[in-house]
Amino acid sequence: MSYQAPLKDMLFVMNELAGLSAVNALPGCEDATPETAEAVLEENAKFCSGVVAPLNHEGDKEPSFWKDGNVTTAKGFKEAFKQFADAGWQGLQHPTEFGGQGLPKLVGTPCVEMLHGSNLSFALVALLSDGAIEALLTAGSDEQKATFLEPLVTGKWTGTMNLTEPQAGSDLAAVRTRAVPQGDGTYKIFGTKIFITYGEHDMAENIIHLVLARTPDAPPGVKGISLFIVPKFMVNADGSLGARNDAHCVSIEHKLGIKASPTAVLQFGDNGGAIGTLVGEENRGLEYMFIMMNAARFGVGMQGIGLAENAYQKAVAFAKERVQSRDLAGSAGPVSIIHHPDVRRMLMSMRSQTEAARALAYVGAGLSDAAHYHADAGTRAANLAVYEYLVPVIKGWSTEMSENVTRDGVQVHGGMGFIEETGAAQHYRDAKILTIYEGTTAIQANDLVGRKTVRDGGKIAKGLIAQVRATEAELGALDGADFAAIRKQLEQGSKDLDAVVDYVVANMKSDIKAVFAGSVLYLKLAGIVLGGWQMARAAVIAQRKLAAGEGDAAFYKAKIATARFFADHILSQSGSLRSAIIDGSAGVLALSEDQF
């Protein structure tokens, strides 16, 4: 079964939860009407299911390969990327002045989900280009923008992000790559970068590497890092390609998953020095790179959601076809396994978590649009603060969710899930990297604690909790056991999250290790409470639609049932998480190093 985009749910979330009509009313977003958005999503769905998804399994079996410094991508990838670029998908969210379509993030986000859901390895090239575009839009000079942005936005060229070195993983203070000024405005770059996604490939005319490096007189640590543009081929004044730069791929990695995506080791300067140009000011490179990283972190969250959706679809199809054992309530013969309660539990867990993460991410995209386009500076700042709080949750929680969902997808398949031909195993293998790259879950949790909670004394978190409680009141006005159950768990969840925010803020200075011992659990708690909030909002809206006799009754009833499951089975975990965060640090920190 090939991936099919869940358009009905995507459109429901965009319109009813993320506020597409409000985004459409923002200056610069007038073209993003509900009708246009639906048409864009429908076309993207056709492309993803018809062109990109069929390449996924074959690319895993016969992935990209390296030979003599060159990478040949998996069969069909080059042709598919040309179609992707020619159709304008790379530039969907980017400015029209550089060849993009200028649509808001809320319209682009479902398209990102579809692309990653259909073929994670293929989609990574677009994700990295998006990050490079955002960094250049923010920090690039007018000349750099004129030279690099249109080819990147149109997909003629692609971009990469070069942070990691053999001795410098998450600790960027240890970056050693050197940038030596040449006196003509250029620098010669020397060093090795590892884990560079699509650092070398055959799908585009040029690859624009954004590279972190140190100038000779740079201060130590992260304060001495600068950002440089280092193209694979030099670019002439008229935009044509010149000589090959001294930046070469010396190998690609052999990986657990995303096998068709070439992960390169790049060597800069082995033959005299790779030519680079400074982005922005010296020693502000990490600041600029974080623009790329924030864009990529949101995108990786969407990877998790798209992959989870694909795994769910495959598991449902198998459960409906696989006949095994009699129905517990009695039957004349064997039934398909979807009749068995535990299989249904797993499928509902997969479905509800995917829908909750999707809703939270799309709401985040809407906040990002308000932060970017709103006419009032104060409103822009307020929306940006909430969006930035949500980014580590969207990245961290959605990817951990994806790993759990793809694991359950294997379990639904039983023994066949362990066999590569079914495709379920590939989803599980591919999901693992999502919790690692662009900042591990622990790094996302550190960000959530330090930058996003403690820095403002929990103000943004408390504001979100207040909105959760408004939804609790709406649930209380509805009759029925489902709404009472959802409200009960959401009320407890908001109390637990509130208590944890207070604990984090109160203890950061006095017992910092205790706070960070529970940081990942705090991120998970924030994810399930805020995701549960979106599911509760969806249930309230679905009930109103049913009462008014609007739309697809079966869809709205399923929304309520899925929200009820999420409340009973996922949101109900909030109490144990609260306890582990507030009271559990003693066990984490008890043993000495020698006792491990």
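The following conversation goes through the reasoning behind several descriptions of this predicted model.

Biologist: What makes the radius of gyration of the chain agree with that of a compact globule?

Modeller: With 596 residues, a compact globule would have a radius of gyration near 25 Å, and the chain has 24 Å, which agrees. The C-alpha atoms fill a box of roughly 80 × 60 × 55 Å along the principal axes, and buried residues make up 56% of the 596 residues. Within that box the chain has 20 helices and 14 strands. Among contacts between residues at least 6 apart in sequence, 74% join residues at least 24 apart.

Biologist: Why are H10 and H17 called roughly perpendicular to each other?

Modeller: The axes of helix H10 (residues 341–373) and helix H17 (residues 519–548) cross at roughly 95 degrees, and angles of 65 to 115 degrees count as roughly perpendicular, so H10 and H17 are described in that way. Their axes also come within 8 Å.

Biologist: Which residues bring H10 and H17 together?

Modeller: On the H10 side they are Ser352, Glu355, Ala356, Ala359, Leu360 and Val363, which meet Leu530, Gly531, Gln534, Met535 and Arg537 in H17. By class, this contact has six nonpolar, three polar and two charged residues.

Biologist: What makes H13 roughly perpendicular to H17?

Modeller: The axes of helix H13 (residues 441–454) and H17 come within 8 Å and cross at roughly 80 degrees; this angle lies in the range of 65 to 115 that counts as roughly perpendicular, and therefore H13 is given that description relative to H17. Here Thr441, Ala442, Gln444, Ala445, Asn446, Leu448, Val449 and Thr453 in H13 meet Ser519, Val520, Tyr522, Leu523 and Ala526 in H17. The contact of H13 with H17 has eight nonpolar, five polar and no charged residues.

Biologist: Ile443 has its place in helix H13; why is Ile443 called partly exposed?

Modeller: The relative accessible area of Ile443 is 24%, while buried means under 20% and exposed means over 50%, so Ile443 falls in between and is partly exposed. Leaving aside residues up to four places away in sequence, Ile443 touches Ser170 and Arg297. Ile443 and Ile338 are 105 residues apart in sequence, and their C-alpha atoms are 38 Å apart in space.

Biologist: How do you know that helix H12 is mostly covered?

Modeller: Seven of the nine residues of H12 (residues 424–432) are buried, and each residue counted in this way has under 20% relative accessible area. The buried residues are Ala424, Ala425, Gln426, His427, Arg429, Asp430 and Ala431. What covers them includes helix H4 (56–61), helix H7 (120–139), helix H9 (285–321) and helix H11 (377–413).

Biologist: How do you know that strand S12 pairs with S5, and with S7?

Modeller: Two strands pair if at least two bridges are found between them. Strand S5 (residues 186–197) and strand S12 (residues 274–279) have four bridges, in the antiparallel sense, with Tyr187 opposite Gly276 in S12. Strand S7 (residues 226–231) and S12 have three bridges, again in the antiparallel sense, and there Phe228 stands opposite Leu278 in S12. Both pairings meet the requirement of at least two bridges.

Note on methods. Residues numbered from 1 in each chain as written. Predicted model: local features only at pLDDT ≥ 70, side-chain atom pairs only at ≥ 80, totals over all residues. Heavy atoms only, no water. Axes fitted to C-alpha atoms, helices over the stretch in contact; angles between N-to-C directions. Parallel < 35°, antiparallel > 145°, perpendicular 65-115°, else oblique. Contact = heavy atoms within 4.5 Å. Nonpolar A, V, L, I, M, F, W, Y, C, P; charged D, E, K, R; others polar. Rg over C-alpha atoms; globule rule 2.2 N^0.38 Å. Buried < 20%, exposed > 50% of the residue type's maximum accessible area, 1.4 Å probe, protein only.
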